[in-house]
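Work through the exercises below with the model open. Try each task before reading its solution.

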Amino acid sequence: MIALLPRWVWFLAWLLAFMAGMMNVVGLLSFEQQTITHLTGTTSQIAAALVQPHTPMMGHLLLIIGAFLAGTVAGGTIIGNTPLQLGQRYSVVLGLEGVLLIAAVSALSKHSPWGVYALAAACGLQNAMTTIFSGAMIRSSHVTGMLTDLGIFIGHVLRGVRVELRRLRICLDVITGFFIGSMVAAWSFPFMGYACLYLPAGIAVCLTGLNI
């Protein structure tokens, strides 16, 4: 399957991971101090809030997961099941992601939790999109899977097993994109605040204009 991925996948995977890295750091540095792009920690927080119990916090965390899920549902509905083929439907998803990021800037600037929900929905949209167009081989909003694949790749090399270099490149694209995006957000947030999210929003809008 990896051999079927066209060349544009490398570029797009890096860009989307870069955007996700920025979104996640903004979530961490915001008044919420909440991870946005992946839900493992959020799920653990919900379990802790349920046991303690902490009803208001649990409700807030459930809304974050719900927003992410809503984004994936919207992505799946708009795009359908068309791996390895881009077109107008992907432009619609990217445009919607850009709108959500712009709305998040306004809401977060007012210390509204709706900004976090908008970010989570944007991440859900993006993750659904990359999952579909790559045939479930790429997740751009988090690096756990890519680091796992990278570790397996290294293990196979050490064992002398034949490996596919394209898989290594995909892993490195997503990991480096996410990391550099995180660095850019951490550098720009102290003097730009939530407005630094206009960068990933602008990237999404530009990709929409290219009608990939």
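Accessible areas here come from the Shrake-Rupley method with a 1.4 Å probe. On that basis, the chain exposes about 10,000 Å², and carbon and sulfur atoms supply 69% of it. The model is predicted.

**Exercise 1. The overall fold**

Task: State how many helices and strands the chain has, and what share of its residues is buried.

Solution:
- Step 1. Count the elements. The chain has 8 helices and 0 strands.
- Step 2. Read them from the N terminus on: α-α-α-α-α-α-α-α.
- Step 3. Turn to burial. Of the 212 residues in the chain, 47% are buried.
- Step 4. Look at contacts between residues at least 6 apart in sequence. Of these, 74% join residues at least 24 apart.

**Exercise 2. Helix α2**

Task: Find which residues of α2 are buried, and place them around the axis.

Solution:
- Step 1. Check the length. Helix α2 covers residues 40-51, 12 residues in total. At 1.5 Å a residue it should span 16 Å, and its end C-alpha atoms are 17 Å apart, which agrees.
- Step 2. List the buried residues: Thr42, Ile46 and Ala49.
- Step 3. Measure their arc around the axis. They cover only 65 degrees, so they lie on the same side of α2.
- Step 4. Recall the general geometry. An α-helix has 3.6 residues a turn, so residues three or four places apart point the same way.
- Step 5. Inspect the face turned away from the buried side. Thr40 and Val51 are exposed there.
- Step 6. Ask what covers the buried residues of α2. The cover includes α3 (55-79).

**Exercise 3. Helix α6**

Task: Repeat the analysis for α6, then look at what follows the helix.

Solution:
- Step 1. Check the length. The 16 residues of α6 should span 22 Å at 1.5 Å a residue. The end C-alpha atoms are 23 Å apart, which agrees.
- Step 2. List the buried residues: Met146, Leu150 and Phe153.
- Step 3. Place them. Their arc around the axis is only 60 degrees, so they share the same side of α6.
- Step 4. Go to the other side of α6. Thr144, Leu158 and Arg159 are exposed.
- Step 5. Identify cover. What covers the buried residues of α6 includes α7.
- Step 6. Add a residue of intermediate exposure. Leu147 is found in α6 (residues 144-159). Its relative accessibility is 46%, so Leu147 counts as partly exposed.
- Step 7. Relate Leu147 to Leu172. The two are 25 residues apart in sequence and 8.7 Å apart in space, C-alpha to C-alpha.
- Step 8. Look past the helix. Gly160 follows α6, and its phi is positive, near 85 degrees.

**Exercise 4. Two residues of helix α1**

Task: Decide whether Gly21 and Asn24 are buried or exposed, and list their contacts beyond four places in sequence.

Solution:
- Step 1. Locate them. Gly21 is in helix α1, and so is Asn24, with α1 covering residues 8-29.
- Step 2. Apply the cut-off: buried means under 20% relative accessible area. Gly21 has 0% relative accessibility and counts as buried. Asn24 has 6% and is buried too.
- Step 3. List the partners of Gly21, leaving aside neighbours within four places. They are Phe178, Gly181 and Ser182.
- Step 4. Do the same for Asn24. Its contacts are Gln34, Thr35, Ile36, Thr37, His38 and Phe178.
- Step 5. Add a distance. Gly21 and Val143 are 122 residues apart along the chain, with 9.6 Å between their C-alpha atoms.

**Exercise 5. Helix α7: a salt bridge and a patch**

Task: Find which side chains form the salt bridge, and which residues make the nonpolar surface patch.

Solution:
- Step 1. Count salt bridges. The structure holds 1.
- Step 2. Name the partners. The side chains of Arg169 and Asp173 meet at 3.9 Å, N to O.
- Step 3. Explain the spacing. Arg169 and Asp173 are 4 residues apart in helix α7 (residues 165-192), so about one helical turn separates them.
- Step 4. Compare exposure. Arg169 is partly exposed at 42% relative accessibility, whereas Asp173 is buried at 13%.
- Step 5. Find the patch. Phe179, Ile180 and Met183 make a nonpolar surface patch of about 300 Å².
- Step 6. Examine one member. Ile180 is found in helix α7 and, at 34% relative accessibility, counts as partly exposed.

Key:
Residues numbered from 1 in each chain as written. Predicted model: local features only at pLDDT ≥ 70, side-chain atom pairs only at ≥ 80, totals over all residues. Heavy atoms only, no water. Salt bridge = Lys/Arg side-chain N within 4 Å of Asp/Glu carboxyl O. Helix = DSSP H or I, 4+ residues; strand = E, 2+ residues; numbered from the N terminus. Buried < 20%, exposed > 50% of the residue type's maximum accessible area, 1.4 Å probe, protein only. Expected span 1.5 Å × (residues − 1). Arc of directions from axis to C-beta. Contact = heavy atoms within 4.5 Å. Patch = residues over 30% accessible without salt bridge, like charges linked within 9 Å, V, L, I, M, F, W, Y side chains within 5 Å.
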